[in-house]
Amino acid sequence: MAGKDIIMLTHEELKRLHIIHKALDGKIKQIEAAEILFLSDRQIRRLLVRVREEGDAGIAHKSRGKESNRRLPEKIRKKIIKLYRQKYNGFGPTLLSEKLIEEEKIKISDETLRLWLIETGDIKKRRKHKRHRRWRERKAYYGEMLQIDGSHHHWLEERGSEIVLMGCIDDATNKIFGRFYEYEGTMPAMDCFKRYVGLYGLPMSVYIDKHTTYKSYAKPTIEDDLLGRKPLSQFERAMEELGVEVIHANSPQAKGRIERLFKTLQDRLVKEMRLKEIKTIGEANLFLEGYIKRHNERFSIEAQEKEDMHRHLPKEFDLDGVLCIKTKHALRNDFTVAHNRKLYQILEPANTKDVIVEERINGSIHITHKNRALGFKEIYSRPNKEKEKHQKPFKVRKKYIPPKNHPWRKYPVLPKPDISILVKTGHF
C-alpha cells in the first residue's frame, strides 16, 4: 500500500506536471503550456496555483478515491443481482438492461450491469475478439440478395423438443424473417420463402448452403447429359421457375450474416421465449412475428441505394404451383398413377404417357400435364381381378361322332398287322 508521502499519478498527470514545472520556472510561457497540453488558459492558471500551493500532489484530480455522486444505492444493486440470479440467469448485460427497463421499470446501463456481474462472479470477463475482416461488400440494394438457412437448436429449452428455425436475412439492410418448423427440409424451406414473398416480394437472388434440401447430388440422367444440364433439387427448380438466382456458399463463414443472426437469436430469442413460458411451435411462431418486427426496427440499417429490388407477383399468379414438390410419373394404360404407395385414377382422357404429380405446401395433391390440371380421385383399394373375371358354367364336352357321310368313313379300314410276321422278317 502506498504511504502518505507517496503520490500516485497517471502518465497523463506526470506529463502535465512536467509542463507545469517548466511554466513555473519561466522556461515556457503559460500560453505555450496551454497549447502543449490542449487546455484553456484558465485551466493552466488553476493548475499553476494548485501545484505552487500543494506541491506535486496538486496535479491529481480532486475526486480520486471518492465515491461518485451518481453512484446508485447499494439497495438497487442487491435487488438487480437477486433478479438476475432468480429470473434472468444467463442473460447478457445488454439484454438484461433491456429487460430491466421493459419488465421491472429499472433503467441501468449495460456497462454498469457488466461491472456488477463481473464483481459478483456471475459472469466472467471475456477477451474481445479481433475485428472481423469483411471480404465481401454488402449488396447495395434492398432485395438484391437474401441469405437463407436453418438452425437446429433447443429453442424451447427443456419445455419442448428440438425444433428448427428457418431464417432469412437481407444482405443490404439486415432485415430478417423466420419461422419455426419441426425439421429442415424442402417443404419448410418453400413455406418460409412463400411467406417472405407474400410480405416483401421476390428477391433477385438467394444465398444458401449445400444442404441436400437446396442442392441436388443425384447423378445426371441421359436426358440431362444430352441437354447439357445438371440435376436440380426441388428448391433449385422452384427458384429457376421464379427467375431467382441461386448462389451456393462453400463454407459457413461465406454466409456470415445468417450465421451471426442465429448466434444472436440463440441468445436473445431463447431467453425472451423463456420469460413468456412458450412451449409449442404454434406459440413460438406467434411470438416470433412480433419479435421480428421489434428486431428489424432496432438492428436493420439503410441500404446504400434507395431502390427496392424485390419483384411483386401478379395476383393471379399461382405461387403454390411453383413452390411444391413435382414428380414425373408414367400414366398406366388404365389411366392410373402410382405415387408414394397411393393410387390415383385420372377421371378424363389424357393423350400422354406421363403426368406431373405436385405435392403442395398445404398437403394437397395435384396432377397436371403441360401446366393443365387433371381431374382425379384416389383409389383406396385395388380391384380383385379374379372376381371380375366372367366365370362361364362348366359343361361336359360330348364325344364327337362324325356323320356317316364324313370323308374319313369312305376309306376302308386296314387290318391290324401281325406282329409275329414282322418279327420274323426283321421289320420289328
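Confidence in the protein is lowest in helix α12 (residues 385-388), with a mean of 56, and highest in β3, at 96. The model is predicted. Its pLDDT averages 85 over the protein. A score of at least 70 is reached by 88% of the residues. Where pLDDT is low, the predicted coordinates should not be read in detail.

An open sheet is formed by 4 strands. Their order is β6-β9-β10-β11, and the pairing is antiparallel. The edges are occupied by β6 (325-330) and β11 (372-374). Each has a single partner strand, so one side of each is left without a neighbour in the sheet. From one strand to the next, the twist averages 40 degrees. Strands of a sheet pair through backbone hydrogen bonds, either parallel or antiparallel. Here β6 and β9 (residues 354-359) run antiparallel and are joined by 6 bridges. Within this pair, T327 stands opposite V357 in β9.

Helix α11 covers residues 281-299. At 1.5 Å a residue, its 19 residues should span 27 Å. The end C-alpha atoms of α11 lie 25 Å apart, which agrees. A bend of about 25 degrees occurs in α11 at L288. L288 is also one of the buried residues of this helix. The others are A284, N285, F287, Y291, I292, H295 and N296. An α-helix has 3.6 residues a turn, so residues three or four places apart point the same way. The buried residues of α11 pack against two strands and two helices: β2 (163-170), β3 (176-181), α7 (186-200) and α10 (256-275). Among these partners, β3 is the element with the highest confidence in the protein.

Note on methods:
Residues are numbered from 1 along each chain as its sequence is written. This is a predicted model: local features need pLDDT of at least 70, side-chain atom pairs count only at pLDDT 80 or more; totals for chains, interfaces and linings use all residues. Side-chain values use heavy atoms; hydrogens and water are left out. Two strands pair if DSSP finds at least two bridges between them. Axes are lines fitted to C-alpha atoms, for helices over the stretch in contact, and angles run from 0 to 180 degrees between N-to-C directions. The expected span of a helix is 1.5 Å times one less than its number of residues. The bend at a residue is the angle between axes fitted to the seven residues ending there and the seven starting there. Buried means under 20% relative accessible area, exposed over 50%, partly exposed in between (1.4 Å probe, protein chains only). Contact means heavy atoms within 4.5 Å. pLDDT is the predictor's confidence in each residue, from 0 to 100.
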